[in-house]
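Here is a short tour to read with the model open beside you. Take a moment to turn the structure around before you go on.

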Amino acid sequence: MNGTPESPLTPLTQRPSPSTLTTLPQILSALSLLESEEAEVSNSLSALLTNQEPILNSLSRLQSLLPHVDELYTEASMLSHKVSATARTAERVGGRVRTLDEEMRRVREASDRVQQVMELKSSLAALQSSIDAQDWESATRHCARAMALPEGVINGAFAGTAVPSSENPLPPAQTLDDARKHLLQVFRHQFTQATKERDAVATTRFFKLFPVIGWETEGLEAYASFIVDLVKVRPPASVQTSSPLYYITALTALFESIAMIVDQHQPVVESYYGTGKMASVITRLLQECDRVCKGLIEGWEEERAMKRKLADVANVNFPPPGISSPTGARRPTLGPPSEDDVNPRDIDKVISEVAGMAGRWNLFKRFLSDRLKASCEDEGEKRGTPVPGHEEMSISSASRKPPDGPPHAMSEELRAVESCACNKLFEDLLGTYYTPLEVWYTRSAVDKAHRLSTPDTTSSPATTTTPDDAFYIFKVVLSRLLSTGASRVVERTAAALRSVIDNDYAGMIRRKMDDVYRNAGGGRGEKVERDSRSAFIILLNDLEISALHMDRLVKDLLSSSVISQGFPAEEVEAVRNSISSFSSIVPKFQSTLRVGVEQLFNQLLRPKLRTFLPDVYKDVSYVLDDDAYVAAEYQDVKRKRFIKAWEGLVDGYKDTLTENNYRLFFGLALDVLIRPWEKLVLGLKYNELGAVRFDRDLRAITTYLSSQTAFGDVRDKFVRLQQIATLLNLDQEEDVDEFYNSSGITWKLSEQEARSIAGSGYKHLNVIYYLVLAENSFR
């Protein structure tokens, strides 16, 4: 209770009332409880009496300190009496000093105000005198000095009373504003006159006076009008509009003149007006650029009859390759496109013109963006420092976003470039003309490459002229696409070109492969069979060459400096991804190639392999005595039979297929042979000399096959057969399981297979049964 020790009498609330005690046990229990409580109370009292001495000692010590406390109190009272008198005197003196300080501050303020008003009056008088004397530099200095005074001084009542005179009766604020407006008119007139006379000294003289008296925007407008007159484009007199260089030359002259002006005049503007002030001038230049470019593009469209060309190419029909292209609906016409109405060379010329004009614009846009970004960065570092001059300039500077503003603050400075009409004009130009015409031209070139395809007799192995012709066009087209400098156009056109390569180019090769044996007829002779095989192999080689060309073309484009130099840094990665996407066509070429090689193998070679092994192992026995072993060693029948049969099979393939195609073809043949071969050799009977002879025959055949190819994976296919030969040559007393686990060989055979081979399970079976089994496994 409230932090005090609990009283020992607390159990009284739990004791039964005496009136309820009716029996002797109840009375005795209540009596026992009372005795316990009495003992507790006695113990508590004893504890209190025992602890009384420390309390008394503390009280005694406190009592002894009482005289010292009284002495301190007396001394403190005396000190307070003395200090109070001194404090009252100090307060009285300090109040008078503060009053004097306030009076002096007011006097200084009044003096400063009087001086400022006097300076305002003298500045306005000197300003008027300078204007009358047409000393514009002096007038500018006096005007700037008057503008530098606080707004409260210029508009104050004291200035309104003291400054006006008989010569200048108006209030000082109005007088100053009228003088500024008058100077603005004079500067504009003099600047315009100087620019007309091409007086560089006078032009610079008046140009640098505008910002000093707060007419920064007006000065930049006048300067921009002067600059725009310098870039009026005059078409080259020596070039006719029909020339493919006319419009590119005109645009180049326009962009170069603007770039040269920006490069030469930006330091002048920023030195007098501040960093980043060239942006408004560039905006005016871009407006003139928009006007000129629009006229040039409209003239180009009319001169080149672009709308008619676009309609003509839309009506041209291409033979379907068997797979419809998403780039446009195919007509049912199967003949070649007519070149009477549309000449691909004319389309090539106008495409090059479009790419050239767009490339010039995007290069020019990058130049302006880089200049504006550099100016924005410099301005961000210096922002916050007031520009010397009128307060109006400080306010306009303060209204701009601080350097630690949102991330899009930088893009505000570049909005003039990104939102100008030229940007949209060239984007529409590329989207309307370049992409559809480039896709059409590529399809036309691919179709022509297929139609004029002839065997290339100078190449070995044999190919046609189609891959070289087509990929020369692809290289030209992709290089021209990158020359536009427009990342969105690159992405969009690259997707359409991938479809052309996959459907029009590779699709036509697939259709030709399907037609080789379909058109040969059922009763074909040996010559027809040989010609069909040769034609099919040439198509397979074309696919292989195409995959190599595509891979090399992508790598060459990615490793060149065209992308890094032709696109802004933030767009380089997207452009590289668009070019890299052409690598996805290589696996499609390889997939089609593998299907074709398998078709060639299944149709021509697989039927002949059914009797290959039975013929090689006909009348073969590996149960040899010494004489038979020597005879087998001398005759070497198995190796000679194999070589003769194998050369009969692959004759005409190795020299006609490319290395990779022959490797695939060779591997298919071995894959078909190996498993039946394993079954066959497991059905033969062996003795000790026969197992040795089998191992030597197998090694001789493996060595021969390895010598027939330049690739080194032949022996990998014979690993299981070689391990079978190793197990057959084990001694009878050697433990197979121990050899299998401790030999260090990377086994392709399972332990169960090894145990069966080393045992006698296969040695009693008939060889004829396994020859039949091996032959049936081909079917």
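Is D636 buried or exposed? With a relative accessible area of 14%, D636 is buried, where buried stands for under 20% relative accessible area, exposed for over 50% and partly exposed for in between (1.4 Å probe, protein chains only).

A word on the ground rules: this is a predicted model, in which local features need pLDDT of at least 70 and side-chain atom pairs count only at pLDDT 80 or more, while totals for chains, interfaces and linings use all residues. Residues are numbered from 1 along each chain as its sequence is written, and side-chain values use heavy atoms, with hydrogens and water left out.

**The chain as a whole**

The secondary structure comes to 32 helices and two strands. Helices (H or I, at least four residues) and strands (E, at least two) are DSSP runs, numbered from the N terminus. Of the 779 residues in the chain, 40% are buried. Taking contacts between residues at least 6 apart in sequence, 77% join residues at least 24 apart; contact here means heavy atoms within 4.5 Å.

**Two positive phi values**

Most residues other than glycine have a negative phi. Here are two residues with a positive value.

| Residue | Phi | Loop |
|---|---|---|
| Q134 | near 55 degrees | between α2 (52-133) and α3 (136-147) |
| D636 | near 50 degrees | between α24 (626-635) and α25 (637-650) |

Unlike the buried D636, Q134 counts as exposed, at 55% relative accessibility.

**The core and helix α26**

The largest nonpolar core has 189 residues. Such a core is a set of buried Ala, Val, Leu, Ile, Met, Phe, Trp, Tyr and Cys residues joined through side-chain atoms within 4.5 Å. F426, F589, Y617, W646, W677 and L705 are those with the most contacts inside this core. Helix α26 (residues 659-682) supplies its largest share, 14 residues.

W677 is a good place to zoom in. Leaving aside neighbours within four places in sequence, W677 is in contact with L613, Y617, F642, L698, I701, F718 and L721.

How do α26 and its partner α29 pack? Helix α29 (residues 719-728) and α26 make an angle of about 15 degrees, and their axes are 10 Å apart. Axes are lines fitted to C-alpha atoms, for helices over the stretch in contact, and angles run from 0 to 180 degrees between N-to-C directions. The two helices are therefore roughly parallel to each other, a label for angles under 35 degrees, with over 145 being roughly antiparallel, 65 to 115 roughly perpendicular and the rest oblique.

On the α26 side, I674, R675, W677, E678, V681 and L682 meet R720, L721 and I724 of α29. By class, this contact has six nonpolar, no polar and three charged residues. Ala, Val, Leu, Ile, Met, Phe, Trp, Tyr, Cys and Pro count as nonpolar, Asp, Glu, Lys and Arg as charged, and the others, Gly among them, as polar.

**Around V269 and V212**

V269 is found in helix α9 (residues 246-273) and is buried, with a relative accessible area of 0%. Beyond neighbours within four places in sequence, V269 is in contact with F207, L220, Y223, G274, K277 and M278. V269 and Y223 are 46 residues apart along the chain, with 9.1 Å between their C-alpha atoms.

V212 sits in the loop between α7 (200-207) and α8 (216-230). V212 is partly exposed, with a relative accessible area of 31%. From V212 to Y272 the C-alpha distance is 8.8 Å, across 60 residues of sequence.
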